[in-house]
There are 2 protein chains.
Amino acid sequence: MYALVGGNGYVGTAFQKFLTASGLPFQNVSRAQLDYYDRSQLTQYLKDLQPQFLINAAGFTGRPNVDACELQKTECLNGNAVLPGVLRDVCEDLKLPWGHVSSGCIFTGEKPDGSGFTEDDAPNFSFRQNNCSFYSGCKALGEEVLNGAEQCYVWRLRIPFDEFNSPRNYLTKMMKYDRLLQARNSLSHLGQFVESCVACWTKQVDFGLYNLTNPGAVTTRDVVGMLKSQRFHDLEFDFFDSEEQFMQIAAKTPRSNCVLDSSRAVSAGLPLSPVEDMIEQSIRNWVE
Amino acid sequence: MYALVGGNGYVGTAFQKFLTASGLPFQNVSRAQLDYYDRSQLTQYLKDLQPQFLINAAGFTGRPNVDACELQKTECLNGNAVLPGVLRDVCEDLKLPWGHVSSGCIFTGEKPDGSGFTEDDAPNFSFRQNNCSFYSGCKALGEEVLNGAEQCYVWRLRIPFDEFNSPRNYLTKMMKYDRLLQARNSLSHLGQFVESCVACWTKQVDFGLYNLTNPGAVTTRDVVGMLKSQRFHDLEFDFFDSEEQFMQIAAKTPRSNCVLDSSRAVSAGLPLSPVEDMIEQSIRNWVE
């Protein structure tokens with residue numbers, strides 16, 4: 001039995017769906033049942049539940065977007081930096097293996113040769129670089145807090161997308177936004193992401209840090225091209241002239257755009273297909 | 001009636017002593033009574049208590065020193081960055097004026113002309129500068145979280161000392177440590193610090209940020225000279241050759257040494273005497 005923290009969020013819901021479809025029993029650990037920030041409450045709860053593995057899909061991302069975190073700093077720190085630390089303490093105490101959904105948004109750009117950042121590269125979009133949103137800063141602190149954690153996976157998600165129309169789906173966002181920013185990014189197909197997370201445990205992959213992005217990278221114009229040619233032929237897309245204009249008009253806090261290298265995950269046998277394939281498949285199977 | 005959060009710590013105890021001596025009624029808000037990290041519990045508690053002013057003297061400093069925070073990052077974030085944000089939300093909601101004990105340790109060094117940093121200078125020893133201890137990073141985040149807070153004082157304490165022998169007293173530390181690091185610092189006499197905090201409210205000083213250090217700055221050798229000449233004639237003091245040697249031998253994480261400018265506080269009429277006077281007085285009145 002799996003324990004799932006944050007099961008009702010966007011990522012958590014995808015975990016629920018995958019676990020259900022795979023016939024893997026799980027228990028949602030929700031704040032309605034207990035205050036899971038309280039070490040003793042959570043410890044007692046998990047002692048009773050006896051899960052074999054815990055998944056932390058909880059996080060504070062801001063609504064409608066990351067700008068909101070600039071105004072909800074406490075919640076952002078608490079959800080993204082403190083909670084992973086509480087879970088670490090409790091899981092280590094109980095000797096319970098677990099995994100934490102982190103984010104690739106603690107990086108910006110790509111390597112000089114165009115390749116992606118690996119798990120050995122230090123985050124370059126964080127408080128310590130003083131160039132980031134409060135959200136990215138908190139996610140990077142969350143990884144610092146987990147540095148050296150025992151029996152722990154840290155899974156980096158990066159711009160989720162899939163075939164299901166949703167305000168959090170990157171493809172939906174592209175079609176909904178008035179104007180787009182041209183940038184090159186690695187992305188995570190949400191279904192493959194959660195499948196890869198669970199596979200870490202079921203396949204007994206080594207504990208540690210994994211970039212769970214689909215191999216490769218795409219530009220905003222690449223994705224627009226796929227959307228138009230494959231399905232949404234009549235949609236018009238408008239672009240900002242520059243990142244400066246984007247920051248001036250549309251954003252309050254800097255956004256991460258980055259390329260990640262997921263070869264560690266792929267070498268471990270995790271099911272991550274090339275990003276273009278998964279975007280095409282998502283558009284082909286699009287569900288309104 | 002005052003509400004005092006963190007009343008049992010080193011700084012909190014000094015608040016209790018001063019409030020008692022001044023005949024100002026107060027209520028300790030302790031975690032034994034309620035989980036004050038829980039907004040709704042704290043809100044209800046304060047609605048019942050009806051304090052006129054709240055003092056937050058809670059913080060996580062690490063035992064025996066700031067190095068411990070490197071191993072207790074979750075507690076450090078929670079106590080120093082999240083809690084101020086929770087208190088802000090609750091106090092703003094209740095329209096309750098309040099004050100938060102921050103720290104001058106989010107600065108390092110002094111201005112090129114030897115003068116101190118003012119409240120208008122941005123912290124230069126923080127995550128954003130990537131040069132600090134985890135403790136200083138969290139204290140600086142705590143101030144970020146309080147940026148723009150309504151009816152709120154932020155009081156910076158810096159290396160507390162007084163006449164009472166205690167492991168947290170700077171003068172005790174100087175006499176107890178095997179070797180000292182030569183550095184120039186502003187300091188806060190703990191009694192005058194808490195008196196100044198309370199005076200902010202009783203004298204209706206403008207809300208905002210205050211460096212509550214005693215005017216001036218002293219070097220470690222200055223203080224050693226005063227200790228030896230005035231009372232502890234036979235004590236021997238040994239010094240590290242350099243900050244590099246100190247970091248190599250005695251410390252796991254960088255220490256803040258800094259000069260602060262407290263003229264805003266002094267202009268507001270807060271009772272802060274020159275630092276040399278208060279050191280001399282503390283040594284003269286030393287209580288074992």
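A residue counts as buried if 20 or more other C-beta atoms lie within 10 Å of its own, as exposed if 12 or fewer do, and as partly exposed in between. The exercises below apply this to a predicted model.

**Exercise 1. Classify B:Lys228: buried, exposed or partly exposed?**

Step 1. Locate the residue. B:Lys228 sits in helix H7 (residues 220-230) of chain B.

Step 2. Count. B:Lys228 has 15 other C-beta atoms within 10 Å.

Step 3. Apply the cut-offs. Buried needs 20 or more, and exposed needs 12 or fewer. B:Lys228 is therefore partly exposed.

Step 4. List the contacts. With neighbours within four places in sequence left aside, B:Lys228 touches B:His233 and B:Leu235.

Step 5. Look further off. B:Pro84 is 144 residues from B:Lys228 in sequence, and their C-alpha atoms are 40 Å apart.

**Exercise 2. Examine two residues of chain B with positive phi, and classify each as buried, exposed or partly exposed.**

Step 1. Take B:Lys95. Its phi is near 55°, a positive value in a residue other than glycine. B:Lys95 belongs to the loop between H3 and S4 of chain B.

Step 2. Count for B:Lys95. There are 8 other C-beta atoms within 10 Å, so B:Lys95 is exposed.

Step 3. Take B:Gln151. This residue is not a glycine either, yet its phi is positive, about 50°. Its place is the loop between H4 and S5 of chain B.

Step 4. Count for B:Gln151. It has 14 C-beta neighbours inside 10 Å, so B:Gln151 is partly exposed.

**Exercise 3. Find which peptide bond is cis in each chain, and where its proline lies.**

Step 1. Check omega in chain A. The bond from A:Arg63 to A:Pro64 is cis, with omega near 0°.

Step 2. Check omega in chain B. The bond from B:Arg63 to B:Pro64 is cis, again with omega near 0°.

Step 3. Place the prolines. A:Pro64 is in the loop between S3 and helix H3 (73-94) of chain A. B:Pro64 is in the loop between S3 and H3 of chain B.

**Exercise 4. Trace the sheet of chain B through strand S3.**

Step 1. Write the order. Chain B has an open sheet of 6 strands, S2-S1-S3-S4-S5-S9, with parallel pairing. Strand S2 (26-29) and strand S9 (208-211) are the edge strands, each pairing on one side only. The average twist from one strand to the next is 20°.

Step 2. Pair S3 with S1. Strand S1 (residues 2-5) of chain B runs parallel to S3(B), joined by 4 bridges. One of the partnerships is B:Ala3 with B:Leu54.

Step 3. Pair S3 with S4. Strand S4 (residues 98-103) of chain B is parallel to S3(B), over 3 bridges. Here B:Ile55 stands opposite B:Gly99.

Step 4. Go on to S5. S4(B) and strand S5 (residues 152-157) of chain B share 6 bridges in the parallel sense. B:Val101 has B:Trp155 as its bridge partner.

Step 5. Test both faces of S3(B). B:Phe53 and B:Ile55 are buried on one side, and B:Leu54 and B:Asn56 are buried on the other.

Step 6. Assign the handedness. S3(B), H3(B) and S4(B) form a right-handed β-α-β unit.

**Exercise 5. Explain why one side of S2 and S9 of chain A lacks a neighbour in the sheet, and place helix H1.**

Step 1. Write the order. In chain A the open sheet of 6 strands reads S2-S1-S3-S4-S5-S9, with parallel pairing.

Step 2. Read off the ends. Strand S2 (26-29) and strand S9 (208-211) of chain A each have a single partner strand, so one side of each has no neighbour in the sheet.

Step 3. Add the twist. It averages 20° from one strand to the next.

Step 4. Add the helix. Helix H1 (residues 10-21) of chain A packs on the sheet and touches S1, S2, S3, S4 and S5 of chain A. Its direction makes about 160° with that of S1(A).

**Exercise 6. Work out how chain B is related to chain A, and what the contact is made of.**

Step 1. Superpose. A rotation of 180° with 0.0 Å of shift along its axis brings chain B onto chain A, at RMSD 0.0 Å. This is therefore the relation of a two-fold axis.

Step 2. Compare the surfaces. The same surface serves both copies, as 94% of the contact residues of chain B recur in chain A.

Step 3. Find the residue of chain B closest to the axis. It is B:Arg128, with its C-alpha at 2.3 Å.

Step 4. Count the contact. Chain B gives 16 residues and chain A gives 15 residues. On the chain B side, H3(B) supplies the largest share, 9 residues.

Step 5. Sort by class. The side of chain B that touches chain A has 7 nonpolar, 5 polar and 4 charged residues.

Conventions:
Residues are numbered from 1 along each chain as its sequence is written. Chains are lettered from A and ligands numbered from 1 in the order in which they are written. This is a predicted model: local features need pLDDT of at least 70, side-chain atom pairs count only at pLDDT 80 or more; totals for chains, interfaces and linings use all residues. Copies are superposed by least squares on the C-alpha atoms of residues with pLDDT of at least 70 in both. Two residues are in contact if their C-beta atoms, placed from the backbone, lie within 7 Å. Helices (H or I, at least four residues) and strands (E, at least two) are DSSP runs, numbered from the N terminus. Ala, Val, Leu, Ile, Met, Phe, Trp, Tyr, Cys and Pro count as nonpolar, Asp, Glu, Lys and Arg as charged, and the others, Gly among them, as polar. Two strands pair if DSSP finds at least two bridges between them. A crossover is right-handed if, with the strands pointing away from the viewer, the path from the first strand over the helix to the second runs clockwise. Axes are lines fitted to C-alpha atoms, for helices over the stretch in contact, and angles run from 0 to 180 degrees between N-to-C directions.
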